[in-house]
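Please look through the model below with attention to how its helices pack against one another, and to how far the prediction can be trusted from place to place.

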Amino acid sequence: MSITDRPRLRVGGSNPTLSNATLTSLLLDPTRLRLILLSLAMGLAGAAIMPVMSTHLALNRHIEPMWIGVLFAANTVAGVVVSHWLAKQSDAGLSRIGIIRVCVSISFVAVIGLGLAEHYWLLLITGMLLFGAISPVQPQLFALAREQVGDVDATLFQSLLRATFSLSWIIGPPIAYLLFARIGFLGLTLICALIFLLTRLNVSSIQDAPLPAVHTEPPPTDSRLKWMILAIAATFASNNMYIVYMPIYLHDNLQLPAVIPGFLMGAAAGLEIPIMLGAGIYAGRWRLFSPLKLAALAGLVFYLGVYWSTSLTPLVLLQIFNAAFIGVMAGLGISVFQALMQGRAGMASTLYSNAIKVGSLVGALLGGAVAQWLGIQAVFGICALMALIALLALLKASAGKRG
C-alpha cells in the first residue's frame, strides 16, 4: 500500500462527533468526577512546587544553574524508573487505584521533607522521592479513566482531564508565588501536603474497573511511532526548560516582580483549556498529525518570541502560542499514540508518558548546561530548536506509512 492510498487515520478514531448526552455522562458520574478532582489536585500541587522550586534553589539555597539542572534531571529519572516499573506491575494485575493511593501518601511525606531540607543532598533525595511518587499518578489516572469510560469516549475524557490539569496551572503558579513571597517555601510545601492529604481521602472510595490483566505483546512496528515519540520528547524538553528557567530569567535579566512568572504560567494554562476541549471535541474531523504540526509551529514562534522579548507585554501576548503548542500536543498526543497502536492502549499510554519524562530529563540536563555556560537567555534559543525538532519529526511521521 502506498502513502497516498493508505487509510487516513484520524485523532478521534471512529467517533467524529460529540453528543450532549456523552458530555453530560462524563460530568455527572460520581467516579468520573472524583477522577477529575484527582487530576486537579495533583496538578495543583505540582504547579505550585515545580516552578517555585527553581527560584527557591537559586535565591534561598544559592545553587548554581548547572546543579539546579542536575537536581531536576535526577527528579525526572526517579519519575521514569518508578512509573515504568509500576506500569509493568499494573499491566500484570496490580490495582491502579492502589498505586495512586500509595503514591499520594508518599507525596504527602516527601513534600514536607522537601520544604525542610537545607543541604543539596537532602534536596536531591526528597525531590527524587516526591517526583518519583507524583510521576506514576498521571499515566495510571489516564489508564484508569480509559477503563472507567471505555474506548468510545476516551479521547474526550482524556482531553477533559488534561484541561483540568491546565486549570490547576491557572490557579497554582500565581498563588504559589504569592505564598512563596509571604510565607516562604516551607509554608508553601505544607499547603501542598494538605492537598495531598485531602486527595488521599478523595480516592479512598474509587475502585478499579473489572478488566483482566494485559498480556505481554510484541514491540510496536509502526514506523511513524518513533517520530511521534521524538516529537513528544522534544516538546516537553522545551517545556521543561521554559518552566524551570523562565522565572530566573525574568528576575535576573528583566528585573520583573516575583509574581510575574506565576501570572504568565496561569495565563497560558487558562488559554490551554478551551484549546484542549476544542481539540477533544473535534478530534475525529482532523487528519492524524495535522493539529500537532500546527501546534509545533506555534511552539517555534513562541520560543523565538521569548528569546527576543525585553519587556512584559510581548511575553503576555505570546502565551497564546504557548497554549496552542502545549494544549494540542498534550491534549491529543496520547490519542495519537493510541491510534498508532490500536488495541494496545496500555502500552501506548506507557510510551506516551515515558516520552514526556525522557523529554523532561533532556530539558533539565540541557537547560542547566546552557544556562551555566551561555546564559539564561540562550536557554530559550534551545527551546526553539526543540520545537523545530518536534515539527520536523511530525512532518516525517505524516509523510510515512504504517510499519
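Helices H8 and H12 are roughly antiparallel to each other, a description reserved for angles over 145 degrees (under 35 counts as roughly parallel, 65 to 115 as roughly perpendicular and the rest as oblique). In this predicted model, H8 (residues 223-252) and H12 (residues 319-340) pack at an angle of about 150°, and their axes lie 11 Å apart. Here the axes are lines fitted to C-alpha atoms, for helices over the stretch in contact, and angles run from 0 to 180 degrees between N-to-C directions. The crossing of H8 with H12 is left-handed, that is, the near helix is turned anticlockwise from the far one by less than a right angle, clockwise being right-handed. On the H8 side the meeting residues include Met228, Ile232 and Phe236, and on the H12 side they include Phe325, Met329 and Phe337, where contact means heavy atoms within 4.5 Å. By class, this contact has 14 nonpolar, six polar and one charged residues.

A second pair is formed by H10 (residues 290-308) and H14 (residues 376-399), which pack at an angle of about 165° with their axes 8 Å apart. That angle makes H10 roughly antiparallel to H14, and the crossing of H10 and H14 is likewise left-handed. The contact of H10 with H14 has 18 nonpolar, four polar and one charged residues.

These helices belong to a protein with 14 helices and zero strands, the elements being DSSP runs numbered from the N terminus (helices H or I, at least four residues; strands E, at least two). Among contacts between residues at least 6 apart in sequence, 85% join residues at least 24 apart. Of the 403 residues, 55% are buried, meaning under 20% relative accessible area (exposed is over 50%, partly exposed in between, with a 1.4 Å probe and protein chains only). One buried residue is His56, with a relative accessible area of 2%; His56 lies in H2 (residues 30-59) and, leaving aside neighbours within four places in sequence, is in contact with Arg61, Phe180 and Phe185.

As for confidence, the mean pLDDT (the predictor's confidence in each residue, from 0 to 100) is 81, and 82% of the residues reach 70 or more. Over residues 13-21 pLDDT stays under 50, as it does over residues 212-218. Where pLDDT is low, the predicted coordinates should not be read in detail.

Residues are numbered from 1 along each chain as its sequence is written, and side-chain values use heavy atoms, with hydrogens and water left out. Local features need pLDDT of at least 70 and side-chain atom pairs count only at pLDDT 80 or more, whereas totals for chains, interfaces and linings use all residues.

Technical notes:
Ala, Val, Leu, Ile, Met, Phe, Trp, Tyr, Cys and Pro count as nonpolar, Asp, Glu, Lys and Arg as charged, and the others, Gly among them, as polar.
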